Amino acid sequence: NAGASYGWSTSETSQTISVSASGDYSVVVTDANTCTATDTVSVTINTIPTVNLGSDVTQCGGSVTLDAGNAGAAYGWSSSETSETITVSASGDYAVTVTNAGNCSASDTVSVTINTIPTVTLSLNIDTACSNGATVALSGGSPAGGFYFGAGVSSGNFDPTSVSTGNNTIYYGYMNNAGCADTASAVVVVRVCTGIQTP
């Protein structure tokens, strides 16, 4: 009805209006002869779900739980799972599409990187030392390139004169290129040595 006059329930007076809220909208159209007609339409605008899997994840070992939120919705993960939360233990990109009760959908993707924790062992080159003995250069840690630490340890050497007698724990730590680290330990028994021992 171009050229007519319009009276909308929203108080607007143009031929067309744009609405963004659910509700009933009616209009009265009056032509040049002051003849009128009216109509009403019901508009339902469903909410689009908000999906946020969070920031990309980088960690050493273990697993990551991803939560799509929007309880009660339908979920479609790139891993073929259909639950609200999934737990992943492999590196990769994980995407989810969430569809709510209004049949509106939204998606998000997160990148997960799970780096390997190194396997660290320590077969220490000494297991006993005299409390008045000489400093010992430590070895036996694997992989190579790590570091020794603990009571009496400095720059990779163990000084038995600087610790108490009895059990002393020596540690070996190693960090790989991904920044993942682990440690291993061994015990050195420090004892008081007096006199001359014979076989």
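In which strand is Phe147 found? The legends below take up that residue first and then move on to other close-ups of this predicted model.

**View 1. Three aromatic residues form a cluster and a nonpolar surface patch.**
Phe147 is found in strand E14. Ring pairs connect this residue with Phe149 and Tyr171 in a cluster, and the structure as a whole holds 3 aromatic pairs. Look at Phe149 and Tyr171 for the ring geometry: the centres are 5.2 Å apart and the planes meet at 15°, so this pair is stacked, given that stacking is assigned to planes under 30 degrees apart. The contact links distant parts of the chain, with Phe149 in strand E14 and Tyr171 in strand E17, 22 residues apart. Phe147, Phe149 and Tyr171 also make a nonpolar surface patch of about 270 Å². As for solvent, Phe147 is partly exposed at 47% relative accessible area. Phe149 is partly exposed too, with 32%, and the value for Tyr171, again partly exposed, is 32%.

**View 2. A disulfide joins Cys60 and Cys180.**
Here is one of the 2 disulfides in the structure. The sulfur atoms of Cys60 and Cys180 sit 2.1 Å apart. If you like torsions, the one about this S-S bond is about -90°, so the disulfide of Cys60 and Cys180 is left-handed. The bond links distant parts of the chain: Cys60 belongs to strand E4 (residues 57-60), while Cys180 lies in the loop between strand E17 (166-175) and strand E18 (181-191), and the two are 120 residues apart. Are the two ends buried or partly exposed? Cys60 is partly exposed, at 34% relative accessible area, whereas Cys180 is buried, at 0%.

**View 3. A disulfide joins Cys130 and Cys193.**
In this view the S to S distance between Cys130 and Cys193 is 2.0 Å. The S-S torsion of Cys130 and Cys193 is about -85°, so this disulfide is left-handed. Cys130 lies in strand E11 (residues 128-130) and Cys193 in the segment after E18, so the bond ties together parts that are 63 residues apart in sequence. Cys130 is partly exposed, with a relative accessible area of 27%. How do the bonded cysteines pair when numbered in sequence order? The pattern along the protein chain is 1-3, 2-4.

**View 4. Two further cysteines, Cys35 and Cys104, and their exposure.**
Cys35 is partly exposed, with 45% relative accessible area. Cys104 counts as buried, because its relative accessibility is 17% and the cut-off for buried is under 20%.

**View 5. Strands E12, E16 and E15 make an open sheet.**
The sheet has 3 strands in the order E12-E16-E15, with antiparallel pairing. Which strands stand at the edges? They are E12 (136-137) and E15, each with a single partner strand, so one side of each is left without a neighbour in the sheet. E15 and E16 pair in the antiparallel sense over 2 bridges. For a residue to centre on, try Val153, whose bridge partner in E16 is Phe158.

**View 6. Ser80 and Ser155 have positive phi angles.**
Neither Ser80 nor Ser155 is a glycine, so a Ramachandran plot is a natural companion to this close-up. Ser80 has a phi of about 75° and is found in the loop between strand E6 (74-77) and strand E7 (85-88). With a relative accessible area of 64%, Ser80 is exposed. Ser155 has a phi of about 55° and lies in the loop between strand E15 (153-154) and strand E16 (157-158). Ser155 counts as exposed as well, at 73% relative accessibility.

**View 7. A cis peptide bond joins Ser142 and Pro143.**
What is omega at this bond? The angle between Ser142 and Pro143 is about 0°, as a cis peptide bond. Pro143 lies in the loop between strand E13 (141-142) and strand E14 (147-150). Strand E14 is also where Phe147 is found, so this legend leads back to the aromatic cluster of Phe147, Phe149 and Tyr171.

How values were computed:
Residues numbered from 1 in each chain as written. Predicted model: local features only at pLDDT ≥ 70, side-chain atom pairs only at ≥ 80, totals over all residues. Heavy atoms only, no water. Helix = DSSP H or I, 4+ residues; strand = E, 2+ residues; numbered from the N terminus. Buried < 20%, exposed > 50% of the residue type's maximum accessible area, 1.4 Å probe, protein only. Disulfide = S-S within 2.5 Å. Phe/Tyr/Trp six-rings, centres within 6.5 Å; stacked < 30°, edge-to-face > 60°. Pairing = 2+ DSSP bridges. Patch = residues over 30% accessible without salt bridge, like charges linked within 9 Å, V, L, I, M, F, W, Y side chains within 5 Å. Areas by Shrake-Rupley, 256 points an atom, 1.4 Å probe, with all protein chains shown as cover. Salt bridge = Lys/Arg side-chain N within 4 Å of Asp/Glu carboxyl O.
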